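Reader: I would like a close look at one part of this model, the open sheet and what surrounds it. Please keep to what can be read from the coordinates.

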Amino acid sequence: MTDSAGNESHGALDEVRVLDFTSVMAGPFATRMLADLGADVVKIESLDGDQVRSRPPVREGCSAYFGHLNAGKRSMACNLKSPKIRSLILDLVKRFDVVVENFRPGVMQRFGLDYQALSAINPRLIYCSISGYGQQGPKAHHPAYAPVIHATSGFDMVNMHYQDDASRPAASGIFIADVLGGVHAFGAIQAALYQREKTGKGQYIDLSMLEAMVGMLVYETQEAQFPGGARRPLYTPLKTRDGFIMIAPTSPRNFEQLSDAVGHPEWREDPRFRTVADRNANWATLLALAEEWTCLRSSEEAEEILSGHGVPCGRYREMAEVLSDPQLAARQALTTISDAAGPYAVPNPPFRMSGSRVEARNLVASLGQHGRALLTEELGVSRDDLDALQAAGQLI
């Protein structure tokens with residue numbers, strides 16, 4: 001990747017080294033973003049490997065789901081319960097900048113690899129723990145995956161209340177809490193790295209996925225404290241001849257553009273729509289009238305006409321179509337990586353930097369692929385000692 005001047009650029013985190021003890025999604029999402037910016041991320045896996053290695057889509061034994069979350073990372077597979085492995089990891093920690101883990105609270109302490117133990121040998125270490133509920137509190141030790149956090153955070157009930165015909169919370173396979181937690185962890189690590197440049201000291205980061213989800217519910221947090229106002233206008237899909245389209249005429253100018261686009265400039269003088277307050281009070285009626293127009297047109301035609309008039313809108317698309325979007329292509333939003341089963345596309349981070357390479361690195365490690373070389377290069381472990389660790393079932 002080149003910068004805005006056309007010069008080959010380096011990653012903003014090229015000198016940062018990360019020991020990644022995470023698995024599944026929230027932690028790997030965070031550490032993949034670190035790798036995307038050039039950090040040297042070493043994924044420490046169990047001897048069985050991250051469970052996502054076996055999750056579909058799997059091609060010739062390789063999970064594209066795993067590769068998506070773990071591109072750019074090296075892999076070392078070992079038994080963290082082994083005193084010999086623990087001793088080697090303690091030696092590695094002296095050479096690394098960041099540790100990220102997403103075990104349940106207390107697990108890393110039982111391994112002897114908690115922040116207190118590691119910061120004692122590397123005071124500059126930044127240590128990030130990602131968990132469902134945080135490290136303290138009555139639910140800290142409860143198991144939690146993203147769907148559980150969606151329910152516990154209020155997100156699912158809020159979303160149900162926004163559906164007039166819903167009798168139960170919606171099912172979902174999109175793990176918002178994992179992604180949101182991973183993004184917050186990524187940001188917190190950057191802040192800690194910056195602070196370390198000023199103080200010379202590392203610190204501990206305690207990331208709660210529950211709090212990440214609650215923080216996302218901005219309006220809902222306030223409405224719960226001060227209920228009783230008019231219902232918030234809801235953005236509903238409008239039918240077209242072949243699908244659906246979303247329109248969001250939120251500003252007075254957008255409303256005027258919508259009335260022109262659908263051929264009803266008289267709406268501007270309609271007492272139901274004359275002011276912002278009028279439109280909010282009659283929002284469902286406005287959308288129903290707009291749908292009478294969209295129903296007569298294809299999604300593509302409606303989008304072209306509405307956007308041509310400046311109306312914020314977008315037709316509903318399947319993921320296969322999204323991946324071929326010319327807008328994403330123009331932004332180089334996707335890049336190609338390869339594993340043993342072949343190439344596939346993954347998203348780059350959603351931001352660009354004029355002086356830094358920001359993209360997924362083309363490396364999907366097999367389980368334990370780099371462990372032996374890492375221990376030899378970093379710590380001088382001999383081949384005989386490595387063979388002994390492997391024979392004892394402590395290292396792949």
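Author: What follows covers the sheet, one strand pair, a helix across it and some backbone details.

This is a predicted model, in which local features need pLDDT of at least 70, side-chain atom pairs count only at pLDDT 80 or more, and totals for chains, interfaces and linings use all residues. Residues are numbered from 1 along each chain as its sequence is written, and side-chain values use heavy atoms, with hydrogens and water left out.

The open sheet has six strands in the order S5-S2-S1-S6-S7-S8, with parallel pairing. Strands (E, at least two residues) and helices (H or I, at least four) are DSSP runs numbered from the N terminus; two strands pair if DSSP finds at least two bridges between them. At the edges are strand S5 (73-77) and strand S8 (203-208), each pairing on one side only. From one strand to the next the twist averages 20°; axes are lines fitted to C-alpha atoms, for helices over the stretch in contact, and angles run from 0 to 180 degrees between N-to-C directions.

S1 and S2 run parallel and are joined by four bridges. Leu19 stands opposite Val42 in S2. Helix H17 (residues 371-379) lies across S1, S2 and S5, at about 95° to S5; contact means heavy atoms within 4.5 Å.

Two loops next to these strands have backbone details. Val24, in the loop between strand S1 (17-21) and helix H1 (26-36), has a positive phi of about 65° although it is not a glycine. Pro57 is in the loop between strand S2 (40-45) and strand S3 (58-59), and the peptide bond from Pro56 to Pro57 is cis, with omega near 0°.
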